[in-house]
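Colleague: Please take a close look at the surroundings of one ligand in this model, and then follow the protein from there into its interior.

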Amino acid sequence: MSLLPVEEALARLLTDAEPVRRIEQVGLDALAGRRLAGDLVARLTQPAFDASAMDGYAVRADDLRSAATELRVIGEAAAGAAFEGTVSANQAVRIFTGAPVPAGADAVVIQENTERPDPSTVIVLEPVQPGRHIRPAGNDFQAGKPVLADGVVLSPASIALAASAGYDFVPVRARPGIAIVMTGSELVWPGTRPGPSQIVASNGFGIAAIVEAAGGDAISYGIVPDDRAALRQVFENARAEGIDVFVTIGGASVGEHDLVAPVLRECGVELDFWKVAMRPGKPLMAGRHEAMRFLGLPGNPASSLVTAELFLRPLVERLAGRPSRPRYETGTLGAAVSENDHRADFMRATIQQDDDGRTVLMPLARQDSSLLSVFATADALLVRPPHAAAGQPGETCEFVRLA
Ligand SMILES: Nc1nc2c(c(=O)[nH]1)N[C@H]1C(S)=C(S)[C@@H](COP(=O)(O)OP(=O)(O)OC[C@H]3O[C@@H](n4cnc5c(N)ncnc54)[C@H](O)[C@@H]3O)O[C@H]1N2
Ligand code: MOO
């Protein structure tokens, strides 16, 4: 297969990528940013009773005709502890914010407008309108009526609303399940000390962060050695689990230990492309097996992160039903760059604002695709199209912002 232009590879990857339709029930503590599946109908009424909005006295407005009226205090109502009796003429009940308003009372006077000469007497200093400082039952929402519309992205307030409307689990659209497999017999888990000729597996954790930011559910399938049977097994596991995208990292090139393409072909994956005209990331491959998509990222750290930014992120956004943001922005070159060959170059760069407010791209000095320390300082990928002529500071350039 020849090298495919980046735009064409992306277009092929996104062909038929439709939002995942599955629905799942998710607990209140994990709902932030999730998309509601179906209108949410209140199971409860809020408030469930006429409630006091203030600390003061529940009274009958009719009793308070004159400037200072003396009423007999017949009891107390607090949040969670109602007064069960009835307020009759010239009576009042001491009441606190959130408490049910007792029968017979039709207003609350705030305690600042009262005097309490003795425990059984209150003097109300001002008349009050009926309904004053009372939150009527159902003022917020009513059982049986929708409180949140299908498809909304759940905000902090809407999560609290769902809780208050009687839900502990809420139906939301499932996030696309993205299996991440780190291949390589040299890899050891982070936090363990690598032996001779081993290295720590790192790429998958960066890729998982990209997946989650794009609205996907990153599912770690751990490290798989360069072993055909082991790779075949995790692929079958992913199929059985109903994974939406099977992502491998490493083993994408042409060496004898680079097993990903041959093994996945044996597993029935139809490869759509393998090798893209880009640097880093040339050995990128993609394919499908029935409903499951497959994306094979190259193993070099910068290669895996760049290909994940440019290919995996938009794919996950599509599957998550999120609008894909336009990736390429225009800026100003901050340093000279040499002419480019046939592969689009995605140079790790920093972004600076110059005195005229222009967005200036400064390519970092070292561009080797193994350098995570360089990548971690980058704000953007400076895009150098295939066969671009040498560029000078001040010229227009394109870039992809790193989130
Ligand atoms: N003869 C050729 N050799 C190579 C070519 C080529 O066209 N012809 N392409 C090169 C390019 S470009 C790339 S990119 C690499 C990527 O190849 P692989 O996908 O097979 O990557 P690996 O060989 O498995 O690993 C490369 C490098 O990255 C390290 N690695 C792998 N996985 C991880 C991980 N999860 N975390 C951290 N580091 C990882 C691995 O140990 C290697 O050092 O191939 C070139 N070769
Ligand atoms: O495509 Mo490789 O990513 O140049 O190192």
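Modeller: In this predicted model, ligand 2 is surrounded by Pro280, Gly281, Lys282, Pro283, Asn300, Ser303, Arg343 and Ser369. Sorted by class, this shell comprises two nonpolar, four polar and two charged residues. Three of the shell residues may be described through their polar atoms. A polar backbone atom of Gly281 is 2.6 Å from an oxygen atom of ligand 2. Side chains are involved at Arg343, where a polar atom lies 3.1 Å from a ligand oxygen, and at Asn300, where the corresponding distance is 3.2 Å.

Pro280, one of the residues around ligand 2, is also touched by Phe346. Leaving aside residues up to four places away in sequence, the other contacts of Phe346 are Val6, Met278, Arg279, Val306, Leu310, Tyr328, Gln367, Leu381, Leu382 and Val383. Phe346 belongs to the largest nonpolar core, which has 46 residues; together with Ile207, Leu295, Phe311 and Leu312, Phe346 is among those that touch the most other members. Two or more residues of this core come from each of α1 (6-14), β13 (177-183), α3 (203-213), β17 (245-249), β21 (292-297), α6 (301-319), β23 (344-353) and β25 (380-384). The largest share, 10 residues, is given by α6. Because domain 1 (6-21 + 175-319) and domain 4 (329-401) both contribute residues, this core lies between them. A second core, separate from this one, has 23 residues, including Tyr221, Val234, Val260 and Ala261.

Key:
Residues numbered from 1 in each chain as written. Chains lettered and ligands numbered in written order. Predicted model: local features only at pLDDT ≥ 70, side-chain atom pairs only at ≥ 80, totals over all residues. Heavy atoms only, no water. Core = buried A, V, L, I, M, F, W, Y, C linked by side-chain atoms within 4.5 Å. Buried < 20%, exposed > 50% of the residue type's maximum accessible area, 1.4 Å probe, protein only. Helix = DSSP H or I, 4+ residues; strand = E, 2+ residues; numbered from the N terminus. Domains from an automatic or database assignment. Contact = heavy atoms within 4.5 Å. Near = heavy atom within 4 Å. Polar contact = N/O pair within 3.5 Å; in protein donor to acceptor, adjacent residues only side chain to side chain. Nonpolar A, V, L, I, M, F, W, Y, C, P; charged D, E, K, R; others polar.
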